[in-house]
Amino acid sequence: MARLEHYLVSLAGAFAGESPHRGCFLTKFTADRAGQDEEVAQTARRAFDDLAGVLAGAIRDAQDAGEAADHVDSSALGYLLLSVVRGIDSIAKADVDATTLEQAARSAVALIPRAEPPRAEV
């Protein structure tokens with residue numbers, strides 16, 4: 001979980017520190033062209049699936065380490081975190097400060113259900 005949080009917080013800081021705020025080419029191109037061009041839409045879907053898959057993999061690693069609850073759907077959470085990243089990138093363009101963006105990243109990770117600590121046997 002610490003690795004995942006570090007990654008998201010570092011992205012938020014990078015987005016906040018960009019000058020000028022360029023944003024993600026994939027996101028911009030998808031928004032501009034995917035509705036009119038099926039090839040663009042398919043390429044974007046594959047890229048977003050890959051990115052969400054990496055985040056889902058980190059969640060599965062946290063589950064394997066006993067940090068995240070086993071019952072959570074790592075794929076769905078991977079897409080949720082990707083959505084948070086894309087949202088942070090978007091609002092960074094409006095000069096939202098780095099502290100706010102980084103706190104949003106931390107809050108997203110904090111929403112992931114944690115594994116229950118092992119019970120002491122009596």
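## Exercises on a predicted model

Let's begin at the start of the chain: M1 belongs to the segment before α1 (2-17). Keep in mind that this is a predicted model.

**Exercise 1.** Decide whether M1 is buried or exposed, and list its contacts beyond four places in sequence.

*Solution.* Start with the accessibility: M1 has a relative value of 14%. Buried means under 20%, so M1 counts as buried. Next, look for what surrounds M1. Setting aside neighbours within four places in sequence, M1 is in contact with A62, E67, A68, V109, I112 and R114. Finally, check a distance across the chain: M1 and A65 are 64 residues apart in sequence, and their C-alpha atoms are separated by 9.2 Å.

**Exercise 2.** Work out whether the span of helix α5 agrees with its number of residues, then find where its buried residues lie.

*Solution.* Helix α5 covers residues 98-110, which makes 13 residues. At 1.5 Å a residue the helix should span 18 Å, and its end C-alpha atoms are 18 Å apart, so the two agree. Now pick out the buried residues of α5: L101, A105, A108 and V109. Viewed down the axis, they fall within an arc of 100 degrees, so they line one face of the helix. Turn to the face pointing away from that buried side, and you meet the exposed residues T99 and A110. The cover over the buried residues of α5 includes α1 and α4. One last stop is the N-terminal end of α5, which is capped by D97: a side-chain oxygen of D97 lies 3.2 Å from the backbone nitrogen of T99.

**Exercise 3.** Find which residues have the most contacts inside the largest nonpolar core, and which helix gives the most to this core.

*Solution.* The largest nonpolar core has 28 residues, and L4, I59, L81 and I112 have the most contacts inside it. Helices α1, α3 (38-64), α4 and α5 each supply at least two residues of this core. The most comes from α3, with seven residues. Now zoom in on I59: leaving out neighbours within four places in sequence, its contacts are L4, A68, V72, S74, L77, G78, L81 and I112.

**Exercise 4.** Follow I59 to its contact S74 and describe the setting of S74.

*Solution.* First place the residue: S74 lies in helix α4, residues 74-92. Its relative accessibility is 9%, so S74 counts as buried. Beyond four places in sequence, S74 touches A56, I59, R60 and Q63. With R60 there is also a polar contact between side chains, at 3.2 Å.

How values were computed. Residues numbered from 1 in each chain as written. Predicted model: local features only at pLDDT ≥ 70, side-chain atom pairs only at ≥ 80, totals over all residues. Heavy atoms only, no water. Helix = DSSP H or I, 4+ residues; strand = E, 2+ residues; numbered from the N terminus. Buried < 20%, exposed > 50% of the residue type's maximum accessible area, 1.4 Å probe, protein only. Polar contact = N/O pair within 3.5 Å; in protein donor to acceptor, adjacent residues only side chain to side chain. Contact = heavy atoms within 4.5 Å. Expected span 1.5 Å × (residues − 1). Arc of directions from axis to C-beta. Core = buried A, V, L, I, M, F, W, Y, C linked by side-chain atoms within 4.5 Å.
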